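Here are a few short exercises to work through with the model open in your viewer. Try each one before you read its solution.

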Amino acid sequence: MSELELWLLFLAVGLGTFALRLSFIQFHAQLRLPAVLNRALTYVPASVLAALVLPSVVNSGVDGELSLLSPRTLAALAAALVAWKTKNILFTLFSGMAVLWLLQSLG
Amino acid sequence: MQYTTGKEAFLAGVRALLPAAPGVIPFGLVTGVTAIEQGLSPLTTIGMTLLFFAGAAQMAALQLLRNDAFPLVIIVTALVINLRFLMYSASMAPHFARLPKRWTWPLSYVLSDQAYVLSILKFTEGRSGLYGHYFYAGAGISMWLTWQLAVMAGVFLGAEIPASWSLDFAIPLVFLALLVPSVRNSACLGAACVGGVVAVLAVDMAYNLGLLLASVCGICTGLVVERFQRRRPGRVISPVAGDTAAEDTTPAEKVTGEKAP
């Protein structure tokens with residue numbers, strides 16, 4: 001993608017995101033969020049984040065093939081445990097990377 | 001205690017945000033490093049960060065760029081991830097109702113998960129008084145500054161980090177750190193499981209639509225599980241972020257009591 005195309009892409013996302021943020025703050029009186037959409041929004045983080053995490057952990061084999069017992073899956077499991085116990089991004093990041101480096105140096 | 005001046009409220013907002021900063025900085029660093037590894041120039045990365053000001057959407061867009069996804073797919077995916085801002089906007093709106101545009105537009109731009117959570121707690125406690133928007137501005141602007149500086153630091157670190165460190169793995173780890181606390185009940189768990197599995201199965205889908213499809217499937221699963229639970233008596237769905245938004249937006253719903261408390 002060319003530099004110009006990238007900027008246009010980022011501008012589109014930026015304007016769209018600003019519109020989402022401004023929506024109700026600006027048009028409070030005119031807008032109503034449908035109840036079902038409101039409930040749906042509560043499941044956006046869990047769904048999107050899981051969809052971002054899982055493929056980059058288990059599809060890490062050669063040519064993105066599925067590999068369930070790789071250093072990455074084991075490191076991710078360790079990190080998930082740390083995330084659950086500490087709720088801390090930094091600890092999660094370090095423990096996951098440490099387990100990955102350890103397993104890579106052993107294998 | 002209510003704030004007596006705007007300055008006092010603004011500084012209280014800054015102080016409230018400080019404990020959240022250590023969680024944001026590594027995420028910003030990784031975002032900056034990833035963008036540079038992706039081949040983006042420092043200037044483009046900074047432009048992207050200014051335009052998005054949304055970490056998860058930024059990371060997802062970078063991942064999709066890496067896979068040469070179709071531009072429209074990148075835009076739609078990023079906006080779906082940012083849909084939560086619609087909810088925050090609805091929840092904040094009544095508190096900003098009397099402010100002019102020179103306040104509301106900049107305040108909207110700096111709307112973030114952290115600034116929202118801190119401010120809505122303050123607002124609903126009724127402790128912000130006349131200067132609530134100053135408190136929010138303090139939290140929002142310091143969050144914005146933290147994020148921009150963290151990404152910029154990542155940009156300048158990025159070139160120095162060797163590939164053997166497998167730093168690309170930091171992306172799923174950061175998302176994982178956000179995912180685990182977002183699973184607050186069985187409906188969220190269902191959403192996460194279906195979203196993750198569909199994303200794995202759809203990884204080779206044309207135009208990289210897999211992420212979008214997986215997210216929609218996950219969201220629908222959450223709604224179905226929630227509906228299923230509500231039919232069973234004695235089951236209480238624990239309150240989630242969405243419920244705060246609902247208080248302000250749908251008075252009719254409050255009357256019917258359809259919402260979990």
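**Exercise 1.** How many residue pairs are in polar contact between chain B and chain A?

*Solution.* Start with the ground rules: this is a predicted model, where local features need pLDDT of at least 70, side-chain atom pairs count only at pLDDT 80 or more, and totals for chains, interfaces and linings use all residues. Residues are numbered from 1 along each chain as its sequence is written, chains are lettered from A in the order in which they are written, and side-chain values use heavy atoms, without hydrogens and water.

Next, take a polar contact as a pair of N or O atoms within 3.5 Å; within protein, one must be able to donate a hydrogen and the other to accept it, and residues adjacent in sequence count only if both atoms are side-chain atoms. The count is 14 residue pairs, both at pLDDT 80 or more.

**Exercise 2.** Find the salt bridge between chain B and chain A.

*Solution.* Look for a side-chain nitrogen of Lys or Arg within 4 Å of a carboxyl oxygen of Asp or Glu. The count is one: E226(B) pairs with R39(A), with the closest N and O atoms 3.0 Å apart.

**Exercise 3.** Why is C217(B) not bonded to C220(B)?

*Solution.* A disulfide needs two cysteine sulfur atoms within 2.5 Å. The closest cysteine sulfur to that of C217(B) is in C220(B), 6.7 Å away, so the gap is too far for a bond. Over all chains, the count is zero disulfides.
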